[in-house]
Amino acid sequence: MVERAETLRETSAWRRLEWHRADVRHSRLRGLFDGDPGRGERLAAEAAGLYLDYSKHLLTDETLELLRKLAAERGLPSRIAAMFRGDRVNVSEDRPALHIALRMPRSRSLVVDGVDVVRQVHEEQDRINALAEAVRSGSWVGATGRPIRTVVNLGIGGSHLGPALACEALRPYATAGVRYRFVSSVDPAALAEAIRDLDPAETLFVVVSKTMTTLETLTNARAAEGWLRDALGGEVQLQRHFLGVTAHPDAAAALGIPPDNVFRIWDWVGGRTSLCSAAGLTTCIALGPDGFRELLDGFRAMDEHFVTTPLGGNLPAIAGLIAVWYRNFLGAQSTAVVPHSHALRLLPPYLQQLAMESNGKRVTASGEPVEVDTAPVTWGGEGTDAQHAFFQLLHQGTVLCPVDLVALARPATGDSEGHDLLAANVFAQAAALAFGRTAEELDALGVDEREIPHRVLPGDRPTSVILARLLRPATLGALIAFYEHSVFTQAAIWEIDAFDQWGVELGKELALRLTPELGEGWKRELLHDSSTNALVRRYRQLRDAGD
């Protein structure tokens, strides 16, 4: 008889954490800090240019010890090693997840199925670097012989969010004279807005689609082709205005993109972890090969920290285990990410995909139902704007929502006095969320007793503060890798496949089926549910109604 494997809830550490939860529920952060004057210094870790303060969380040393034991019982160290070894950790698609190979140095070797993938990566990176230099120098010219002044990235999901985040965050390091635009929405208004003030003769489109079948991206690519032909003449050769990034070069050729203009990604490159691949072509053009190499160096520094550092000082592992603690033991249903940096304003939407597409799963890697809740909702916004929007709920609402506050010690541009005010807001919000303000304190300040109930802030609202010196390319790389590995840590505890996204596919299939049914010439019977049928008919009526 085969012995049944121990489930997550049956592990010793999980059961002990459930018992331990009651002790922590009655703890207050004020008391934890009062009883441990060194807590703020001790519950912190640093690596790859990032300083993580996790002292303002609802946990104790015992909590952290039990979480580390849970990680050991769930085999986190061996799962990390398996991913970095090139094992097929993406089990539902039977492939490895080798985004970590995209940032390995040229001197390394990682052989998977008889192929040195690091060598492949650097061969393709050399092609990307050459193209980036050609565009930046002006030697890559359009069909009329004029240099490229604007690069428009056409992608969706990770092939949009990653490059857009990097280009916006690292704008001070981008080359002058070349602009960058990003289009993901199939709404015609999005492309129209992006190209409204552009000169077609000086515009280069980068079409990023792993399969080259992504409906939104291909629709925008065809619309871009039409715009170019209308402006430059129907017979003009457009090869100098289109680059393709895909795992299927033949599909790119069908769009009219010649082989020399196609850059390769591999089936083991997931969209949400693709920035370091050819999907980051627009970013490489923006930063140049040296800047892009520094970005990869930051990723690699955090990779090496994650794979070599014991769990007690391992930044991504600490963050991932704390996320499990809140999701499964304290009932938090969401987590907020708040960068106090205008340059990092696209970090929250980037992390939404990374976290929720990776871990929004209901079955384990073996196909069994997950026993516990997974993937908290990830959301957030930019710094001080957020303080005047949703921070009211965080301070005095009825939900528990851990918050990541991301801050920089030095501004990339602007005066230091304004930046000091920004940093003061970070530290003040972390303290206010943690310790709140009591009725007694308000009374001592002479506040009218009728106002006191409205002005009490209960505190015990947890935060992590992630602090870096300066937002350089390496800093951004380390920050993104930190979150990648935190998400992987959570997936390892829940024993889910963090690298597939089958939930996205059904909507795509239905959209392909519905699109022709919305056309004016469709006469056949609608065979959907009554709601969808009614929506299709109403849409047609509204679309075709006179002004």
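Let me start with one pair of residues: aspartate 404 stands opposite serine 464 in β13. Before going on, note that this is a predicted model.

That pair belongs to a longer contact. Strand β12, residues 403–408, is joined to strand β13, residues 463–468, by six bridges, and the two strands run parallel. As background, strands of a sheet pair through backbone hydrogen bonds, either parallel or antiparallel.

Now the sheet around them. Which order do the strands take? The sheet is open, has six strands, and reads β1-β2-β13-β12-β10-β11, with mixed pairing. At the edges are β1, residues 44–47, and β11, residues 377–380; each has a single partner strand, so one side of each is left without a neighbour in the sheet. On average, and ignoring direction, neighbouring strands in this sheet are turned by 20 degrees against each other.

Let me stay with β1 for a moment. β1 pairs with β2 in the antiparallel sense, over four bridges. One of the partners to look at is alanine 47, whose bridge partner in β2 is leucine 50. The two strands form a hairpin with two residues between them. In that turn, alanine 48 has a positive phi of about 50 degrees.

Two helices to point out on this sheet. Helix α12, residues 315–329, lies across β1 and β2, the latter being residues 50–53, and runs at about 140 degrees to β1. Helix α19, residues 473–494, lies across β2, β10, β12 and β13, and its angle to β2 is about 40 degrees.

Next, another sheet. This one is open with five strands, in the order β6-β5-β7-β8-β9, and the pairing is parallel. Why do β6 and β9 each have a side without a neighbour in the sheet? β6, residues 179–183, and β9, residues 262–264, stand at the edges with a single partner strand each, so one side of each is left open in that sense. Here the average turn between neighbouring strands, direction ignored, is 20 degrees.

Inside this sheet, β7 covers residues 203–208 and β8 covers residues 242–246; the two run parallel and are joined by four bridges. Valine 208 has valine 245 of β8 as its bridge partner.

Helix α9, residues 215–232, packs on the sheet and touches β5, β6, β7 and β8. The direction of α9 makes about 160 degrees with that of β7. Helix α8, residues 188–195, lies across β5, β6 and β7, and runs at about 175 degrees to β6.

Now a pair of helices. How do α7 and α11 cross? The axes of α7, residues 158–169, and α11, residues 281–308, come within 8 Å and cross at roughly 15 degrees. An angle under 35 degrees counts as roughly parallel, and α7 and α11 are therefore roughly parallel to each other. The crossing of α7 past α11 is left-handed. On the α7 side the contact is made by Pro163, Ala166 and Cys167, and on the α11 side by Thr282, Thr283 and Ala286. By class, that contact has four nonpolar residues, two polar and no charged ones.

Last, salt bridges. How many does the structure hold? There are 33 salt bridges. One example is glutamate 65 with lysine 69, where the closest N and O atoms are 3.5 Å apart. Both residues sit in helix α4, residues 61–73, and they are separated by about one helical turn because they are four residues apart.

Terms used:
Residues are numbered from 1 along each chain as its sequence is written. This is a predicted model: local features need pLDDT of at least 70, side-chain atom pairs count only at pLDDT 80 or more; totals for chains, interfaces and linings use all residues. Side-chain values use heavy atoms; hydrogens and water are left out. Two strands pair if DSSP finds at least two bridges between them. Axes are lines fitted to C-alpha atoms, for helices over the stretch in contact, and angles run from 0 to 180 degrees between N-to-C directions. Contact means heavy atoms within 4.5 Å. Angles under 35 degrees count as roughly parallel, over 145 as roughly antiparallel, 65 to 115 as roughly perpendicular and the rest as oblique. A crossing is left-handed if the near helix is turned anticlockwise from the far one by less than a right angle, and right-handed if clockwise. Ala, Val, Leu, Ile, Met, Phe, Trp, Tyr, Cys and Pro count as nonpolar, Asp, Glu, Lys and Arg as charged, and the others, Gly among them, as polar. A salt bridge is a side-chain nitrogen of Lys or Arg within 4 Å of a carboxyl oxygen of Asp or Glu.
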